[in-house]
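Let's take a walk through this structure together. Have the viewer open and follow along.

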Amino acid sequence: MSHSILAASLLAAACAVTLVGCKPATETAPHAATPAQAAVQTVAAPASAPSSPLSPAAQLGAKLFFDPSLSGTGKMSCATCHDPNHAYAPANDLSVQLGGADGKVPGTRAVPTLMYKEYTNAYSDTFENPDMVSPPGPGGGLTWDGRANTIAEQAAIPLLASNEMANASKAAVVEAVQHGAHADAFRQTYGATVFDDTERAFTLVGAALQAFQVEDRSFHPYSSKFDRYRNNKLGGALTDAEIRGLRVFLDPNKGNCMACHLIGGGNDGSQDMTSDYSFAAIGVPRNMEIPANADPKYFDLGLCGPLRTDHRPGKDKGAAATCGMFKTPVLRNVATRHVFMHNGVFKSLEEVVRFYNTRDTAPEKWYPRDAKGRVNKFNDLPAPYRANLDDQMPLDLRKPGSATPMTDPEMQDLIVFLKTLTDGFVPPAGTAESGPQAHTVAEAAAVNAAANAAHKPKTP
Ligand code: HEC
Ligand code: HEC
């Protein structure tokens, strides 16, 4: 059996088992497109043509994204933390970045990639899972706790946060734009009198930043080896080890990664997004490199606070049941990251995979011991909330000392597979290009508009 046929049957089997609407790729048959992709392909430019021009709002957003005058110090732009050369994540390997008025105030969370966020819908406690099998539950939204409903709304957080871009007020941001290099472009895009209404102008800064992130191909190039393989483009055949790793990723009795990091077609038209936007508590260790964690009473509990405020325990009966839950991150380009998880506690992909494999079988490897010498498992999640921990494979809470879900070679293969999710794959020399790219500017913008249209702001 060739690799591709093996994988095609492997993916077909996985799709049948989980009812995920994914379409296996084969080397000979053309890729069976999802409806969304079929629509894309009629409007897609040939791969050799320059990518479609950005809208005026997106061009303005590109300027603002790289403009340090949008920070209180005049030294920090969005790109300082979201570096386009590092999948829009930080170039350094700090668990949390420094910002604020003196550029030295530490953050409390790791910086996520900004790539492949265009399908993200508003947060809901009863989010319909795109895998079409999981029951509705907390899902959607931007940031690790989903508290921003749109990419546009999200921009307000770093612009005003005292440990990030540290502007004193919305008016200060608008003033910086009005007196900065892009004032004319801002007026041309949004009207001559746009600066008269501060609240509206501030909202439009977010809108421009969103347009850039949604439209620019660099945020969703779909150019990984895995995409090539899935889109049946020549030169994208996976190696034996990569196929074995994919199998571990999909296997419900081994990695089971795909239970949350969705591979296949989502009911939202997405393809292999590697996240179903669901929230889960997986009990990662406390990271003592985060200064806030020096306070033993401080816990970052994700959905239930402290940054997010609408699920604080005591608010209602369901609130405490969300403590410890964070959004399942997109794994595209994950091999380029320096730090992993919401608190950046892990420093390599290998460490992450070993954690998934041995959190329960050898917890002493991951958690410190208390004064009595007992392993303080789940030391970043207070005991009353540990019932919230997800118990799906491979984190099924099995007994210490029992067999691990994956063998060492399976873990190695899984890591090799995860590396095929890195964009910018260069196929072997002489490989012919075959057909249009999967995802155009127009489609990305349409997808995001639909996601935002579905969003009805919640009254606090
Ligand atoms: C000091 C570093 C820093 C700067 C500067 C910064 N961000 Fe971020 N960004 C973060 C962190 C940390 C998070 C995660 C926040 C959380 O979970 O609460 C984040 C999250 C995001 C997200 C959500 C991604 C997701 O996966 O849900 C978006 C979108 C984003 N930032 C856009 C921007 C934009 C636009 C700017 C400029 C206006 C910007 N950021 C400036 C650190 C930064
Ligand atoms: C029950 C759902 C679930 C399953 C199953 C699961 N994950 Fe995750 N994954 C998550 C959540 C939630 C996070 C974020 C947790 C946090 O930050 O506290 C995460 C984080 C990660 C990260 C860190 C990414 C980043 O940007 O920091 C990697 C890598 C990862 N998972 C890989 C895997 C692999 C590989 C598997 C299979 C062995 C897997 N996951 C299985 C839900 C899941």
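Before we start, one cut-off to keep in mind: a residue counts as buried when its relative accessible area is under 20%, worked out with a 1.4 Å probe on protein chains only. Keep in mind, too, that this is a predicted model.

Let's put that cut-off to use on Arg 286, which sits in the loop between β5 and β6. Its relative accessibility is 12%, so Arg 286 counts as buried. What does the side chain of Arg 286 reach at 3.1 Å? That would be the backbone oxygen of Asn 293. There's also a polar contact of 2.7 Å between the side chains of Arg 286 and Asp 380. If you skip the neighbours within four places in sequence, the residues in contact with Arg 286 include Asp 295, Pro 296, Tyr 298, Phe 299, Asn 343 and Val 345.

Now over to ligand 2 and its iron atom. Which residues coordinate that iron? They are His 261, through NE2, and Tyr 356, through OH, at 1.9 to 2.1 Å. This pair ties together distant parts of the chain: His 261 is in the loop between α11 (240–250) and β5 (279–280), while Tyr 356 belongs to helix α12, and the two are 95 residues apart. Six donor atoms surround the iron, and the angles they subtend run from 87 to 179°, so the arrangement comes out octahedral. For reference, the ideal values for six octahedral donors are 90 or 180 degrees. His 261 has a relative accessible area of 8%, so it is buried as well.

Zoom out a little and you'll find 28 residues around ligand 2, with Cys 257, Cys 260, His 261, His 342 and Tyr 356 coming nearest. By class, the shell is made of 19 nonpolar, six polar and three charged residues. β6 (326–327), α12 (349–358) and α13 (408–418) each chip in at least two residues, and α12 gives the most, with three.

As for polar pairs, a side-chain atom of His 261 lies 2.9 Å from a nitrogen atom of ligand 2. On the oxygen side, a polar side-chain atom of Arg 337 is 3.1 Å from an oxygen atom of the ligand, and a polar backbone atom of His 342 is 2.7 Å from an oxygen atom of ligand 2.

Last stop: ligand 1. Its iron atom has His 82 (NE2) as the only protein donor, at 2.1 Å. You'll find His 82 in the loop between α4 (78–81) and β1 (98–99).

Notes: Residues are numbered from 1 along each chain as its sequence is written. Chains are lettered from A and ligands numbered from 1 in the order in which they are written. This is a predicted model: local features need pLDDT of at least 70, side-chain atom pairs count only at pLDDT 80 or more; totals for chains, interfaces and linings use all residues. Side-chain values use heavy atoms; hydrogens and water are left out. A residue is near a molecule or strand if one of its heavy atoms lies within 4 Å of it. A polar contact is a pair of N or O atoms within 3.5 Å; within protein, one must be able to donate a hydrogen and the other to accept it, and residues adjacent in sequence count only if both atoms are side-chain atoms. Helices (H or I, at least four residues) and strands (E, at least two) are DSSP runs, numbered from the N terminus. Ala, Val, Leu, Ile, Met, Phe, Trp, Tyr, Cys and Pro count as nonpolar, Asp, Glu, Lys and Arg as charged, and the others, Gly among them, as polar. Donors are N, O and S atoms within 2.8 Å of the metal (3.2 Å for Na, K and Ca); water is not among the atoms, so sites may look incomplete. Four donors count as tetrahedral if all angles lie between 85 and 135 degrees; four count as square planar and six as octahedral if opposite donors are over 155 degrees apart and all others between 65 and 115; anything else is irregular. Buried means under 20% relative accessible area, exposed over 50%, partly exposed in between (1.4 Å probe, protein chains only). Contact means heavy atoms within 4.5 Å.
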